[in-house]
Amino acid sequence: MECKHCGAPLEDGQELCPACGLRQDAAEPAAEAPETTEEAAVETPGNIEEAAEAPEAPASKTPGRKNQRGAIGLLLALVAVAAAAVVILVLSLSRRSEPAPETPETAQGDLVITDAASGSEVPGTPDDPAGAAEDPTLIEHVDENGQFIPHSYTKSSAEVTEEDVSRVVAACGEWELTNGQLSFYYWQQFYRFMSTYGSYIAMLGLDLSQPMSEQMYDETHTWEDMFLRMAVTAFWQDSAVRDAAARDGFAAGESVQQYVDAMLQSLEDTAEVAGYENGDAYIQSMYGPHITAQDYADYARVSLANDDYLGSVFGAIACGEAEVNAYFDEHADEFAAQGLSKDDPNMVNVRHVLITPKAAEDAETDENGQPVLTDADWAAAEARAQEILTEWTDGAATEESFATLAAENTEDPGSQSTGGLYENVYPGQMVETFNDWCFDPARQPGDTGIVRTDYGFHVMYFSSTCDHAYWYDAAEQQYLSTKQQEIVQEMLDAMPITVDYEKVVLMENEALTAAE
């Protein structure tokens, strides 16, 4: 049995993952898309989504839904505990005031130098007399011409001292970030990134067999810089949320401590199974020396308490039809560019059973070595689809019985576990003939039929029409996301952060090194 979030091994029936700290019934963390990530898609057999649909991030596409999780096993197991509740995109926030330099002159004009002694910013060039940067998390290693200066913050485990671990590198209000705590934030950002984009790192230019400090993320920052800046921003956000919770007199529920206690025990159990002396040794293999499982528990406790608080704050956002309609109208041009209109029909819920045609063993092959399907192959698939529809008609002829037949017979891996169900299907999401059947104006709940697509024959069952069109759901989600980001930004604005990158020591990840 494996954790559904991070892929770490679990014992049968174990509900709490000791690695990532997430329950098996918990929602997966929302994916964060790096700004340099290009849109891409990988099609799989049985995909009935319209190929022209552009995902927001690399995704393995199966019918009806995008899967953006690519867990890479125990090595990348420790995913951020608080990720699910924090909707704001950390990387987008951290890069908000950092324009990409188009020329060395542009980079020079944006250069900001931090005085290590005082932590204050000083002018970088005559073109920047104030020397101020809106974002204090900026990392700059460039010369007077704006050219990148090679550097690294990482030390090997043997080189790291207890003094390194305890050194304070950032402060936000009463909260301080030591290198030991930074190690959690840094590697959590890495693990979280890898759990989402692990299958695409080559495309993104990241080679795990090489030091991240030697690989460029953009013209003047390495991948090490990128993860470090994300880590500092995550600490900033955690501190700002903690402070806001304290001002509001918010106290996390007892379940937070109970959860942390259970996680610590599970961590010890998993360490034993994995061959580590104890939980401390297991944690140190992934985060560096001189830190303990209790340190990780303290980090997790803060994250979980912040989850509770943000959940209560976000849940209080007013978001009814009036707000959604007004938001859509205010951004009508943006939504129109996405092909969304208030004239769109409501979304639908539909079930199907996919039967794919099978070629004979001695079938001819095309230039790609794939068997060529004959008319007889297609006819056999259509006959099988008709048999299934007849079996349903002659039986109970209910949605429940159709779901059972779908689970037993469909060749669509994306809907087998749901009894062939796709919910909230919007116009244009599915391939043309499938789409046209779903959105026939005369379509009624309980309608059935057989539809042919390039993937085979689909035995169709129309379940219901949704309450809203896709434009409404899109506007609602964007409205909520915007409000949530505004709330968190207000918290950040109320809690300035100071950072001294000259004191930063990043600790080597022994588990990652051993896997290279």
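# Briefing: strands, helices and cores in a predicted model

Cys172 stands opposite Trp175 in strand β8. The structure described here is a predicted model. The points below begin with the hairpin that holds this pair, continue with the sheet and its helices, and end with the nonpolar cores and strand β9.

**The β7-β8 hairpin**

- Strand β7 covers residues 168-172 and strand β8 covers residues 175-178; the two run antiparallel and are joined by 4 bridges.
- A second facing pair is formed by Ala171 and Glu176, the latter in β8.
- Together β7 and β8 make a hairpin, with 2 residues between the strands.
- In the turn, Gly173 has a positive phi of about 60°.

**The three-stranded sheet**

- The hairpin strands belong to an open sheet of 3 strands, whose order is β8-β7-β13 and whose pairing is antiparallel.
- At the edges are β8 and β13 (497-499), each of which pairs on one side only.
- From one strand to the next, the twist averages 20°.

**Helices packed on the sheet**

- Helix α4, residues 179-197, packs on the sheet and touches β7 and β8.
- The direction of α4 makes about 80° with that of β8.
- Helix α6, residues 223-247, also packs on this sheet, where it touches β7, β8 and β13.
- The direction of α6 makes about 155° with that of β8.

**Nonpolar cores**

- In soluble globular proteins, nonpolar side chains tend to be buried together.
- In this model, the largest nonpolar core contains 86 residues.
- The residues with the most contacts inside this core are Leu182, Phe193, Trp223, Phe227, Leu228 and Tyr287.
- Helix α6 gives the most to the core, contributing 14 residues.
- If its neighbours within four places in sequence are left aside, Phe227 is in contact with Tyr186, Gln189, Phe190, Phe193 and Met212.
- Another core, of 14 residues, lies apart from the largest one; among its members are Val353, Ile355, Ile388 and Leu389.

**Strand β9 and its partners**

- Strand β9 spans residues 346-355, and 9 of its 10 residues are buried, so the strand is largely enclosed by the rest of the structure.
- With strand β12 (residues 456-469), β9 pairs in the antiparallel sense over 9 bridges.
- β9 is also joined to strand β10 (residues 421-425) by 3 bridges, and these two strands likewise run antiparallel.
- Val348 has a bridge partner in each of these strands: Thr465 in β12 and Val425 in β10.

Conventions: Residues are numbered from 1 along each chain as its sequence is written. This is a predicted model: local features need pLDDT of at least 70, side-chain atom pairs count only at pLDDT 80 or more; totals for chains, interfaces and linings use all residues. Side-chain values use heavy atoms; hydrogens and water are left out. Two strands pair if DSSP finds at least two bridges between them. Axes are lines fitted to C-alpha atoms, for helices over the stretch in contact, and angles run from 0 to 180 degrees between N-to-C directions. Contact means heavy atoms within 4.5 Å. A nonpolar core is a set of buried Ala, Val, Leu, Ile, Met, Phe, Trp, Tyr and Cys residues joined through side-chain atoms within 4.5 Å. Buried means under 20% relative accessible area, exposed over 50%, partly exposed in between (1.4 Å probe, protein chains only).
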